[in-house]
Each structure stands twice: as structure tokens, then as C-alpha cells.
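Trainee: Could you take me through one part of this model closely, and show how its side chains fit into their surroundings?

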Amino acid sequence: MYMQNSTTMIQYPLNNDIIFALVMNDAELCRGLLERIFPGRKIRMLKVCDGADVEVQNTIITGMISKSVRLDVLFEDEDSLYSIEMQRFDDSALPMRGRYYASAMDIDQLRRGEEYKELKKNYVIFICTFDHYGLEQAVYSFQNYDIKNSLPYGDESYKLIVNTTAPAKNTPPELIPFFDYVNRMEVPADDAFIQALHRQVQKYNTSEWRRKLMTLEEKIKLEVEMAREEAFKEGTQEEKKIAARKMKADGLDPEVISKYTELPISEIEGL
């Protein structure tokens, strides 16, 4: 039995990654979701990680030249870290992103002064509105282990892919109402957790919040475009250097090479 949905226009449902980040930054709601993903597990003293900003997606700076990591939600309890992300579009690189996120979480802990032995368990959880592995399972759970001996590696790093499209027969009872809400916004009259989620979604769909979210969406879109352009420029520069090396190896004059590659002569001479 489902309660009647509010007349509030839901332009941004829970499967929107920004809304998911905002809603799940409520420690009690996040704990409720985690306890449904991990049936029978009681999670205590859950809190937003230090430095988290509830109005935007959290960013961990790894200190490496490569990338920073934007995490939808980052929580910790007494012995574990949880990164939770809503994922609406399938991506072949999803497992590699999970690997990178887990590494960034560890680096962030070490930068806060912890030693290797003090690292907390880390869980990277993707809530997917598609079945990445195609086996119709509700939760795919991974950890590192010795294939030959089925021996766990023991690094206490875990990746979970939660598939909201799994059939009910393969879904833990606790997750069925959550999947129904993510997929169809169905709000059971007898499920206080889903009702609380829905109230938060309604809150972030008021006219005031919709204006903020549109601005934030544009900001994130602009950041992505700028990153793409920068990556393209870096790729173009590298291609120019490769061409210049080949021309230099063929004995062409640096001035000629500069004319065709637009690279400074001083840079060409240093290749």
C-alpha cells in the first residue's frame, strides 16, 4: 500500500546524483540505507567526514598531479569509511573508478596522520539504476583475494555495486521499497525510512532549492567541460611534440618544425 505523493513538483528525484548527495548527507538517512544494504549490520555513530560540505558533492584531494575525486557521500563510523554514489548511466570504467575512489580514501586518511595499520575499512558503494554485470543480482560485493586458494588478501577494502533493477526474487526484502522509490518514486504508507527520504526530496524540490540546484548543475557541467578542454589541449600538445621529435630525427631545421607544429624553437631544441 502506498501513500499519496505530495503535489510538490519533483523535478529532481533521488536518482539525481546531486539530490542523492544532499539527501544522504543526513547521517540518519545514510545509516538507514547502509543498514538495508548490509542486512543485520548495526551502524553506530555515523558522521559526515571532516571537511565535508553538505551543499556540494564532497571532494578528496589526493595530492597527486593526476586527479581529485568527487564523491557523492562520504561517511565514517568507528571502524569504516563509506563512499556512496548514485549512478544513472552505465560506464565500462565503473570498476576502475571504484578502485581509484578507494585509493583516494586511503590517501586522505594517511594525510590526516594515520599509519597503515590504522586505516579503516573502506566501502565504495555505487547505487546503479542499471545492471552493470547483467546477472540480475541486487548487490554485487567484491574484495581482493587469491584466486587459486580463495584466500582473502586482507586489505579490508570493498566495492559494492547495488542494482536497483534487480527482480524482487533476487532482492533482499529490506531493499525492495528503496528500489521502488528510486525507480518509480513509490512511497509505502508503512515504511518510515522511505517516507523520510521522500520528505527530503520534496524539500530540495521547492522553488528556492530548484534555483540553487540549477546553478550547481551548471557549475558542475562547466567544470566538466573545462576539464575536457584541458585534457584535449594536453593531448594536442603531446601530439605536436611527437611530430616534432620525428621531424627533428629526420634532420629538419628547428625553425621549419616550429612553423608546422607551433612549438617554440627553444622547446623543440630540448626534445
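Why does Tyr204 count as buried?

Mentor: This is a predicted model, in which local features need pLDDT of at least 70 and side-chain atom pairs count only at pLDDT 80 or more, while totals for chains, interfaces and linings use all residues. Residues are numbered from 1 along each chain as its sequence is written, and side-chain values use heavy atoms, leaving out hydrogens and water.

Tyr204 counts as buried because its relative accessibility is 7%, where buried means under 20% relative accessible area, exposed over 50% and partly exposed in between, with a 1.4 Å probe and protein chains only. Trp209 is likewise buried, at 15%.

Rings of Phe, Tyr and Trp (its six-membered ring) pair if their centres lie within 6.5 Å, with planes under 30 degrees apart called stacked, over 60 edge-to-face and the rest tilted; on that rule there are nine aromatic pairs. One of them joins Phe178 and Phe179, a tilted pair at 6.3 Å centre to centre with 55° between the planes, and both of these residues are buried. Tyr204 and Trp209 form an edge-to-face pair, with 4.6 Å between centres and 90° between planes. Ring pairs also link Phe38, Tyr82, Tyr123 and Tyr158 into a cluster.

To place Phe178 in its wider setting, consider the nonpolar cores, each a set of buried Ala, Val, Leu, Ile, Met, Phe, Trp, Tyr and Cys residues joined through side-chain atoms within 4.5 Å. The largest has 42 residues, and Phe178 is among those with the most contacts inside it, as are Leu14, Val23, Ile37, Ile125, Ile127 and Leu197. Helices (H or I, at least four residues) and strands (E, at least two) are DSSP runs numbered from the N terminus, and the elements that give two or more residues to this core include helix H4 (176-184), helix H5 (192-203) and helix H6 (207-249). H1 gives the most, with six residues. Counting contact as heavy atoms within 4.5 Å, and setting aside residues up to four places away in sequence, Leu197 touches Leu14, Val23, Met24, Leu29, Phe178 and Tyr181. Apart from this largest core lies another, of eleven residues, among them Leu81, Tyr101, Val124 and Ile161. As a general point, nonpolar side chains in soluble globular proteins tend to be buried together.
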